[in-house]
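Colleague: Please take a close look at a single helix contact and tell me what lies around it.

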Amino acid sequence: MKKQIEYFREKLGDDYFDRMLKNSSFEKRIGQDYLISFIQDIVNFHKENNSNAYKKITFLEFGCGAGWRTAEIKDKFNFNCYGVDPSKKAISHAKKNYPNVNFSTGSVTKVSSKLYGKIDIVFFGFCLFLVDQIDLFEVASITNKLLKPNGHIILMDFDTKNNYKKQFYKTNLFSHKMNFSSLFLWHPFYSICKFTSFTHKSNNITNDQDEKIGMYLINKYVRG
Ligand SMILES: C[S@@+](CC[C@H](N)C(=O)[O-])C[C@H]1O[C@@H](n2cnc3c(N)ncnc32)[C@H](O)[C@@H]1O
């Protein structure tokens, strides 16, 4: 059976980009303040530990779409930034508009192995809900290969107590909703540093499972 990523690579990623462009939605900043604050925590952590690592942090966003989020991180922190998305149109837009960020087409299961062991922060920018659940083993494995021994994961996605799926935006594909932090937190290398919850509409509390979004800051710590 054809995988969801193939549909995204062929057409759906571009369709999503076109929709965003048409609605001028690139200014939407869901969770952006939390992302900035989580990243500031990582920088502070390095400073408090008298490490100069914060001066040369490498950041990678999966599901970067048109690239505005990665570009804002570049502007604010001057990290070495990478953005990856299956949409050719979104990546071409991102490359043109933000030339100081390294953008490339790819996916959570297809990223250059040249980046293995080089990334300090892997950020999942609202894309794991679009990934076939069978691919989640590979996502965890590739993320672990990308991250340095003391790296961090920031995960922003739907965050539901139960695992279920819904039709994705008038297509024959699915949005998979679950708690994606469990991909990493079962492993002894990974533990949670911070968590916050919000919705697409506001920072308020909701009882609606469909609306819950979680942002997790997870650290990797490889004991000798
Ligand atoms: C909801 S959008 C989020 C875009 C952007 N991060 C933002 O917040 O504006 C989901 C993005 O994930 C991308 N995507 C879909 N499947 C993916 C996969 N397997 N790996 C990485 N990105 C994927 C889509 O092309 C789309 O740009």
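Modeller: G13, D14 and F17 in helix 1 meet K88, K89, A90 and H93 in helix 4, where a contact means C-beta atoms, placed from the backbone, within 7 Å. Helices here are DSSP runs of H or I with at least four residues, strands are runs of E with at least two, and both are numbered from the N terminus. This is a predicted model, in which local features need pLDDT of at least 70 and side-chain atom pairs count only at pLDDT 80 or more, while totals for chains, interfaces and linings use all residues. Residues are numbered from 1 along each chain as its sequence is written.

By class, the contact of helix 1 with helix 4 has two nonpolar, two polar and three charged residues; Ala, Val, Leu, Ile, Met, Phe, Trp, Tyr, Cys and Pro count as nonpolar, Asp, Glu, Lys and Arg as charged, and the others, Gly among them, as polar. Helix 1 covers residues 4-22 and helix 4 residues 88-97, and the two pack at about 50° with their axes 7 Å apart. Axes are lines fitted to C-alpha atoms over the stretch in contact, and angles run from 0 to 180 degrees between N-to-C directions. Helix 1 is therefore oblique to helix 4, since under 35 degrees counts as roughly parallel, over 145 as roughly antiparallel, 65 to 115 as roughly perpendicular and the rest as oblique.

Helix 1 also gives the largest share of the shell around the ligand, four residues. That shell has 20 residues, with G13 among the closest; a residue belongs if its C-beta atom, placed from the backbone, lies within 6 Å.

Notes: Contact = placed C-beta atoms within 7 Å.
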